[in-house]
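User: I'd like to go through this fold with you, a bit at a time. Can we start with the ground rules and then look at the helices?

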Amino acid sequence: MDISGIKKYMKSKKITQIELAEKSGIPLQTLRGIFSGKTLNPRIDTVQAIEKALEIESTITAEEQIIGASATKKISITPIEDEMLYRFREIGKKHGEQAQWALITVADKML
């Protein structure tokens with residue numbers, strides 16, 4: 001089922017995004033990005049978790065799953081990388097994208 005179909009299904013069953021987040025284990029922010037259209041191509045495992053939580057049959061083919069699984073590389077980040085990402089986002093909020101690009105330029109020069 002596509003995202004618009006999932007949204008209609010949730011509306012008909014009166015299931016909120018908060019309830020879906022709790023039942024699926026997917027962060028609420030992730031779901032909001034998917035349902036708002038901000039996240040155009042959610043990961044296959046995310047869509048499958050949504051479908052499983054809603055107890056609806058998956059529409060993802062075996063081929064799509066193989067392609068999606070190989071295209072999706074999960075990585076773990078270290079605590080310091082997590083802190084850097086947090087600070088990078090905060091700089092963007094406070095000073096804008098131009099300040100973020102300045103940081104990227106500094107990082108490029110260090111490399």
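Analyst: Sure. Contact here means heavy atoms within 4.5 Å. Keep in mind that this is a predicted model.

User: With that cut-off, which residues does Q100 touch, not counting residues up to four places away in sequence?

Analyst: Start with where Q100 sits: it lies in helix α7, residues 97-110. The C-alpha atoms of Q100 and F88 are separated by 6.7 Å, although the two are 12 residues apart along the chain. Once residues up to four places away are set aside, the ones Q100 touches are F88, R89 and G92.

User: Is Q100 buried or exposed?

Analyst: Buried means under 20% relative accessible area. Q100 has 15%, so Q100 counts as buried.

User: How do α6 and α7 sit relative to each other: roughly parallel or oblique?

Analyst: The axes of helix α6 (residues 79-95) and α7 come within 7 Å and cross at roughly 140°. Angles over 145 degrees would count as roughly antiparallel, and 65 to 115 as roughly perpendicular. The crossing falls in neither range, so α6 and α7 are oblique.

User: Which residues make that contact, and what is the breakdown by class?

Analyst: From α6 come F88, R89, I91, G92 and H95, and from α7 come E97, A99, Q100, L103 and I104. Sorted by class, the contact of α6 with α7 has 5 nonpolar, 3 polar and 2 charged residues.

User: Let's move to the other end. What is the angle between α2 and α3, and what is the hand of their crossing?

Analyst: Helix α2 (residues 17-24) packs with helix α3 (residues 28-36), their axes 9 Å apart, at an angle of about 125°. That value makes α2 oblique to α3. The hand of the α2 and α3 crossing is right-handed.

User: What does the α2 and α3 contact consist of by class?

Analyst: On the α2 side you have Q17, I18, L20 and A21, which meet L28, L31, R32 and F35 in α3. By class, that contact has 6 nonpolar, 1 polar and 1 charged residues.

User: Q17 is in that list. Which residues is Q17 in contact with, leaving aside neighbours within four places in sequence?

Analyst: Q17 lies in helix α2, and at 27% relative accessibility Q17 counts as partly exposed. The C-alpha atoms of Q17 and Q29, 12 residues apart along the chain, are separated by 9.6 Å. As for contacts beyond the sequence neighbours, Q17 has M10, L28, L31, R32 and F35.

User: M10 belongs to α1, right? Where do the buried residues of α1 fall, and which helices do they pack against?

Analyst: Yes, M10 is one of the buried residues of helix α1 (residues 3-13), along with G5 and I6. Down the axis of α1 they fall within an arc of 135°, so they line one face of the helix. The face turned away from that buried side carries the exposed residues K8, K11 and S12. The buried residues pack against α2, α3 and α4.

User: What phi does K14 take just after α1?

Analyst: K14 comes just after the helix and takes a positive phi. The value is about 55°.

User: Zooming out, how many helices and strands are there, and what share of residues count as buried?

Analyst: Read along the sequence, the pattern is α-α-α-α-α-α-α, with 7 helices and 0 strands. Among contacts between residues at least 6 apart in sequence, 41% join residues at least 24 apart. Of the 111 residues of the protein chain, the share that count as buried is 21%.

Key. Residues numbered from 1 in each chain as written. Predicted model: local features only at pLDDT ≥ 70, side-chain atom pairs only at ≥ 80, totals over all residues. Heavy atoms only, no water. Helix = DSSP H or I, 4+ residues; strand = E, 2+ residues; numbered from the N terminus. Buried < 20%, exposed > 50% of the residue type's maximum accessible area, 1.4 Å probe, protein only. Axes fitted to C-alpha atoms, helices over the stretch in contact; angles between N-to-C directions. Parallel < 35°, antiparallel > 145°, perpendicular 65-115°, else oblique. Left-handed = near helix turned anticlockwise from the far one by under 90°. Nonpolar A, V, L, I, M, F, W, Y, C, P; charged D, E, K, R; others polar. Arc of directions from axis to C-beta.
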